[in-house]
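Me: Could you take me on a close look at the place where the ligand sits? I'd like one connected answer, with the cut-offs spelled out as you go.

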Amino acid sequence: MFKIAVLISGGGSNLQAIIDNIENGYLNCSIECVISDKKDAFGLERARRHNIKTYVFDKKEYGAELSYRILETLENKVDLIVLAGYLSILNWDIIKKFKDKIINVHPSLIPSFCGKGMYGIKVHEKALEYGVKITGCTVHFVDEGTDTGSIIIQKAVEVKDNDTAESLQKRVLEQEHRALSEAIKLISEDKVHVNGRKIIVKDM
Ligand code: GRF
């Protein structure tokens, strides 16, 4: 069975989408554990409701140790690490050990509106401010940069004239839920091949 760990920092709606897609049979994988860097993340409650093991490594307590603790917990235990609304930086040690085995979902069409400090509602505020007609979400492999890894899947979302950052965020989040599970499925079926920056996805 293809084993994944999901890392969260907040509400966990992306985690919930993965849980739902396992339970409805779309995803043939198991969530070995959920790790949060915040003890009050609601995503932890979502995991507990489905009897999924949880760990909390509070970033305030662990600081730079955080990444190492996660590596210690996950090394040789999972096939893929999924960052689902996870906001702490992962250090080089874990990225090297899990090369091309860590994916992240970002709420814009990278390379637009991404990088340091660009997360959550801020991303959509910047998209509206800039006046883009199309935004969306990106699932990418995690490398040593911020939102700079090779792109696996992108889904477009049309910006409406009367959109607020909140209304736009809601529509993009719906596409994130689809894109993240789709990426996990393709990787679990070995249909994603990394060729430098270019990702070749069979079956699409
Ligand atoms: C969302 O803004 C999403 O775009 C990003 O993390 C945030 C929280 O997502 N990936 P979630 O509801 O905690 O999964």
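Reply: Happy to! The space that the ligand takes is the largest pocket; on a 1 Å grid over the protein atoms alone, a pocket is an open set of points where a 1.4 Å probe fits, with protein on both sides within 12 Å along at least five of seven lines, and a molecule sits in one if more than half of its atoms lie within 2 Å of its grid points. Please keep in mind that this is a predicted model, in which local features need pLDDT of at least 70 and side-chain atom pairs count only at pLDDT 80 or more, while totals for chains, interfaces and linings use all residues. Residues are numbered from 1 along each chain as its sequence is written, and side-chain values use heavy atoms, with hydrogens and water left out.

Around the ligand, counting residues with a heavy atom within 4 Å of it, you will find Gly10, Gly11, Gly12, Ser13, Asn14, Ala84, Gly85, Val105, Pro107, Gly120, Gln169 and Glu176. This shell divides into three nonpolar residues, eight polar and one charged, where Gly counts as polar, and Asp, Glu, Lys and Arg as charged. At least two shell residues come from each of α1 (13-23) and α7 (165-188), helices being DSSP runs of H or I with at least four residues.

Now the polar contacts, pairs of N or O atoms within 3.5 Å. Serine 13 places a polar side-chain atom 2.6 Å from a ligand oxygen, and a side-chain N or O atom of glutamate 176 lies 2.7 Å from an oxygen atom of the ligand. At valine 105, a polar backbone atom is 3.1 Å from a ligand nitrogen. Taken alone, the ligand exposes 360 Å², of which the protein buries 84%, by the Shrake-Rupley method with a 1.4 Å probe.

Methods
Polar contact = N/O pair within 3.5 Å; in protein donor to acceptor, adjacent residues only side chain to side chain. 1 Å grid on protein atoms, 1.4 Å probe; cavity = no way out; pocket = protein on both sides within 12 Å on 5 of 7 lines; lining within 4 Å.
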